[in-house]
Amino acid sequence: MVAEFVEVESGKLSDRLQLAAALGACKKHRAKLVIAKLDRLSRNLAFIATLMDSGVEFIAVDNPHANKLTIHILAAVAQHEREMIAQRTKDALQAAKARGKRLGNPKLGEARQRAFAANRAAADGFAANVLPIIHQIQASGVQSLRGVARALTARGVKTARGGEWSAVQVADILRRHTETSVNQPQEH
């Protein structure tokens, strides 16, 4: 055995990094590609035919004695089954919709709201941490948003996504602080 590659991408996709690496290793070492099942490799006849023409020999463990003709036939059957599965799924979804069934995740709106709230809380927290640094830079005489952005970057302060600062991002932090201050109840 030269190497082991584990593919987690769908067999429907043709552009798969692990498969490309496995094929490259097979070509380099003149080794055979051993796959668990032919239909897990691909359910696309053209893809299998191209693989067969690539010069890399392969063996499917589920059918180790298959010759090129058998592989072509099995690949054609697998492609046909893929198309039939897709059509049956499409028909079943249309029938369910016709019966009044609501398709999709019924709790998707709630999940989006929770994600939005979590993202907003994270952004508020980040802004609260960076705001004192921005105020310190402004107190030193730098007033333009672009100047503050340059100063933050020069100090090695990263944006929430780990990048360098821009004037727009500084403005967003200041706006977020202003909105938070306005929306908070005043204590007397």
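**Entry 1: secondary structure.** I counted the elements of the chain in this predicted model and found 7 helices and 2 strands. Reading from the N terminus, I recorded the order α-β-α-α-β-α-α-α-α.

**Entry 2: confidence.** I looked up the pLDDT next. The chain averages 87, and 92% of the residues score at least 70. Which elements have the lowest and the highest mean pLDDT? I noted helix H2, residues 38-41, as the lowest with a mean of 79, and helix H6, residues 145-154, as the highest with 94.

**Entry 3: overall dimensions.** I compared the radius of gyration of the chain, 29 Å, with the value near 16 Å that a compact globule of 188 residues would have. Along the principal axes, I found that the C-alpha atoms fill a box of roughly 85 × 55 × 25 Å.

**Entry 4: burial, surface and contacts.** I noted that 22% of the 188 residues of the chain count as buried. For the accessible surface of the chain I recorded about 13700 Å², with 55% of that area belonging to carbon and sulfur atoms. I then turned to contacts between residues at least 6 apart in sequence; 51% of these join residues at least 24 apart.

**Entry 5: charges.** I looked up the charged groups and found 28 positive and 17 negative charges in the chain. The mean positions of the two sets are 3 Å apart.

**Entry 6: Val2.** I located Val2 in the segment before helix H1, which spans 17-29. Is Val2 buried or partly exposed? I recorded Val2 as partly exposed, because its relative accessibility is 47%, and the class runs from 20% to 50%. Setting aside residues up to four places away in sequence, I found that Val2 touches His29 and Ala31. I also took a C-alpha to C-alpha distance from Val2 to Leu131: the two are 55 Å apart in space and 129 residues apart in sequence.

**Entry 7: Arg30.** I found Arg30 in the loop between H1 and strand S1, the latter being residues 33-35. What is the phi of Arg30? I read a value near 50 degrees, which is positive although the residue is not glycine. I noted for reference that most residues other than glycine have a negative phi. Arg30 is exposed, since its relative accessible area is 80% and the cut-off for exposed is over 50%.

**Entry 8: Val157.** I placed Val157 in the loop between H6 and H7. With a relative accessible area of 17%, Val157 is buried, because the cut-off is under 20%. Which residues does Val157 touch, not counting residues up to four places away in sequence? I listed Ile133, Leu152, Gly163 and Trp165. I also looked up Val130, which is 27 residues from Val157 in sequence; the C-alpha atoms of Val157 and Val130 are 8.4 Å apart.

**Entry 9: Thr159.** I found Thr159 in the loop between H6 and helix H7, the latter running over 167-183. Thr159 is buried, its relative accessible area being 8%. Leaving aside neighbours within four places in sequence, I recorded contacts of Thr159 with Phe126, Glu164, Trp165 and Gln169. I noted that Trp165 is also among the residues that Val157 touches.

Conventions. Residues are numbered from 1 along each chain as its sequence is written. This is a predicted model: local features need pLDDT of at least 70, side-chain atom pairs count only at pLDDT 80 or more; totals for chains, interfaces and linings use all residues. Side-chain values use heavy atoms; hydrogens and water are left out. Helices (H or I, at least four residues) and strands (E, at least two) are DSSP runs, numbered from the N terminus. The radius of gyration is taken over C-alpha atoms; the globule rule is 2.2 Å times the number of residues to the power 0.38. Buried means under 20% relative accessible area, exposed over 50%, partly exposed in between (1.4 Å probe, protein chains only). Contact means heavy atoms within 4.5 Å. Accessible areas come from the Shrake-Rupley method with a 1.4 Å probe; for residues, only the protein chains shown count as cover. Lys and Arg count as positive and Asp and Glu as negative; His and the chain ends are not counted. The place of a charge is taken as NZ of Lys, CZ of Arg, CG of Asp or CD of Glu. pLDDT is the predictor's confidence in each residue, from 0 to 100.
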